[in-house]
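These are my notebook entries on a protein model, written down in the order in which I looked things up. I began with strand pairing and then went on to salt bridges, cysteines, one chosen alanine and the surface.

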Amino acid sequence: PEAQEKWSLEDCINYAIENNLSHRAFIIEEQNQLLNARQAKLNLLPSVYASSSGGYYFGRSVDASTNTYTNTQYYSTSGYLYASLTLFNGFQKQNNISYYKYQLHAAQWDKINNSDDLAFEIVNAYYNVLYYKELVQISYDDLTLTEIELDKVKTQIEIGLKAKSDIAQMQAQLEQEKLNILLAENQYEEAKQNLLHSMNYAGLAENKFELQNLNPQPLLNQHICADSIFEIFSQYSPLIQSAESALKAAQKYVAYEKGSYLPSISATSYIGSAFYQTDTDQNGKTTAFNDQINNNQSKYIGASITIPIFYKNTCRTAVKQAKLDRDLAQNNLEINKQNLYFDIEKNVRDLKSRYQKYIQSQTNKEANEYSFIIAQKKYKEGLLNIIDLLQVKKQVSKAKSQLLLAKIEWEIKNKTIQFYMGSRFWE
C-alpha cells in the first residue's frame, strides 16, 4: 500500500506478516522442516559412491600384479564403485519420514499461529494509535472551549459582572490543557512507534493512518456461547493443530526408537579395477591401460544382517525417553485446549461487558455535556463559581475519553470473537 495516502488496519497487519522479524523466524523454521522431510524420503534411496587412487611405489613393496615382493619403482592406480541399500531396519526410515512430516505440519501451524498472534498485536497497537490520536483532538477541543470561555470571562469582567480572580483560574486551566495536549501528543507518537516497530517499518507518515468508524452494535446473538465457539474453532485452531502434529511426531519417534530392537538387513554391491605399471607382456612392455582395466575387474554383490544383542542399554533408554517426550506432547495438547477454552470464554464475557460499558459511557457523556451547559448558564447568572464550572468541564473531557476507550475496547473484543468464529478479517 505504498501508493495509498492512508493505511487501514488490514494493510498494517498484512505488512507486518510479510516483514516482522520475529515472524520471519517461523518462516525459516518451516523451510528447515521442509528440508528435513524431503531428506527423510531421500534416505530410502541406495547409497552410491565412487573412489579412485593412484601413486608411485619406491623400494621394497608387493607387486599387486604378481603378488610378489619387488624393489622396482612403479606406478599404479585403482578405482571402484560401491552401492548399498538398506532392505529392513525395523521400519525406522519409514517412521522417520512420518516423524518429519508431522514436524513440518507443526512448523506450518506454528507459522500460522504466530501470524494470528501478530495480527492481534497489530490490532492493539493500531487502535492504541487511534485512541491517542483522538485524545489529542479531544485535548485541542478542550483548549478551544477554554479559550472561548476565557474571552467570555474577560468581557464579563470589563462590564463588572465577574471578579478578576476568575481570569487567573481560567488561565491556569488554559495552561493545564496545553500541557495535556503535549502529553497526549507524546503518547500518540509513542503509540505510533510501537506500531511501526511491530510492523518493522520505519517510513510511515502520520497522515497515512486511517481512522475507521467505530460504531458498536448490539450482539447479533445475545446467547453467544463459549462452548459452541470452542467446539468449532478447536477443529482448525493453529495452536491446537500444531500441538496435535507435535503429538503425532512424538508417537512416530517412539516407533522409530523401537525399531532399534529389530535386526537390520542391507544389500551391497561393488565393482572395481586397477592399473599396474609392472603388469607386462612377454616382451616386457606394460599392458595397455584399457586392457588392464578390463582384465583386473573385481565384482561383488551380497547382503548382511545386524542383530542387536547388547548396546549398554542405550536402545531401551532411548525408547523410554521418546515415550516421555510423547507424554509431554500429549500434556501440552491438553494445556493448549484448556487455555484456548478459557480464553474464548473470557473474550465472550468481555465482549458483552464491553458493550454495556460503551452504552453507559455514551449515556455518561451526554449527561456530562448537558451538565456543562447548565453549569455555563449558572456561572453566567452568578449561581456557580469558576472552580465548579471548570470541574464540570473536566468531567466532560473525561467522559469523552472514556467513551472513546469503550468504543476501542469493544471493537478489539468484537474482532477477537469474529476471529474465533472463523473470520480472518485481515485477509
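**Strands.** I looked up the partner of Tyr 57 and found that it stands opposite Tyr 74 in strand E4. The model is a predicted one, and I read the pairing with that in mind. Strand E1, residues 47-57, and strand E4, residues 74-88, pair in the antiparallel sense, and I noted 11 bridges between them. I then followed E4 to E5, where 12 bridges join the two strands, again in an antiparallel run. As a marker for this second pairing I wrote down Gly 79, which stands opposite Ser 273 in E5.

**Salt bridges.** How many salt bridges does the structure hold? I recorded 14, and I looked at some of them individually.

My entry for Glu 149 is a salt bridge with Lys 152, in which the closest N and O atoms are 3.7 Å apart. Both residues lie in helix H3, which covers residues 92-158, and they are 3 residues apart, or about one turn of the helix. Is each partner buried or exposed? Glu 149 counts as buried, because its relative accessible area is 6% and the limit is under 20%, whereas Lys 152 is partly exposed at 43%.

I next checked Asp 327, which forms a salt bridge with Arg 326 at 3.5 Å between the closest N and O atoms. Asp 327 is partly exposed, with a relative accessible area of 41%, and Arg 326 is also listed as partly exposed, at 27%.

The side chains of Glu 409 and Arg 354 meet in another salt bridge, 3.6 Å from N to O. Glu 409 lies in helix H9 (residues 386-420) and Arg 354 in helix H8 (residues 314-380), so this pair ties together parts that are 55 residues apart in sequence. For Arg 354 I noted a relative accessible area of 22%, which makes the residue partly exposed. I also found that Asp 116, Arg 424 and Glu 427 are joined into one network by salt bridges that share partners.

**Cysteines.** I looked for disulfides, taking as the cut-off a pair of cysteine sulfur atoms within 2.5 Å, and the count came to 0. I still noted the surroundings of two cysteines: Cys 12 is buried, with a relative accessible area of 0%, while Cys 225 is partly exposed at 33%.

**Ala 329.** Which residues does Ala 329 touch, if those up to four places away in sequence are not counted? My list reads Ala 246, Leu 247 and Ala 250. Ala 329 itself is found in helix H8 and is buried, with a relative accessible area of 13%. I also took the separation of the C-alpha atoms of Ala 329 and Lys 346, which are 17 residues apart along the chain, and it comes to 26 Å.

**Surface.** My last entry concerns a nonpolar patch on the surface, formed by Leu 85, Leu 87, Ile 265, Ile 305, Ile 307, Ile 309 and Phe 310, which together have about 740 Å² of accessible area. I looked more carefully at one of these residues, Ile 265, whose place is in strand E5, residues 264-276. Its relative accessible area is 32%, so Ile 265 is partly exposed, and this value fits the patch rule, which asks for over 30%.

Definitions and conventions. Residues numbered from 1 in each chain as written. Predicted model: local features only at pLDDT ≥ 70, side-chain atom pairs only at ≥ 80, totals over all residues. Heavy atoms only, no water. Patch = residues over 30% accessible without salt bridge, like charges linked within 9 Å, V, L, I, M, F, W, Y side chains within 5 Å. Areas by Shrake-Rupley, 256 points an atom, 1.4 Å probe, with all protein chains shown as cover. Salt bridge = Lys/Arg side-chain N within 4 Å of Asp/Glu carboxyl O. Helix = DSSP H or I, 4+ residues; strand = E, 2+ residues; numbered from the N terminus. Buried < 20%, exposed > 50% of the residue type's maximum accessible area, 1.4 Å probe, protein only. Contact = heavy atoms within 4.5 Å. Pairing = 2+ DSSP bridges.
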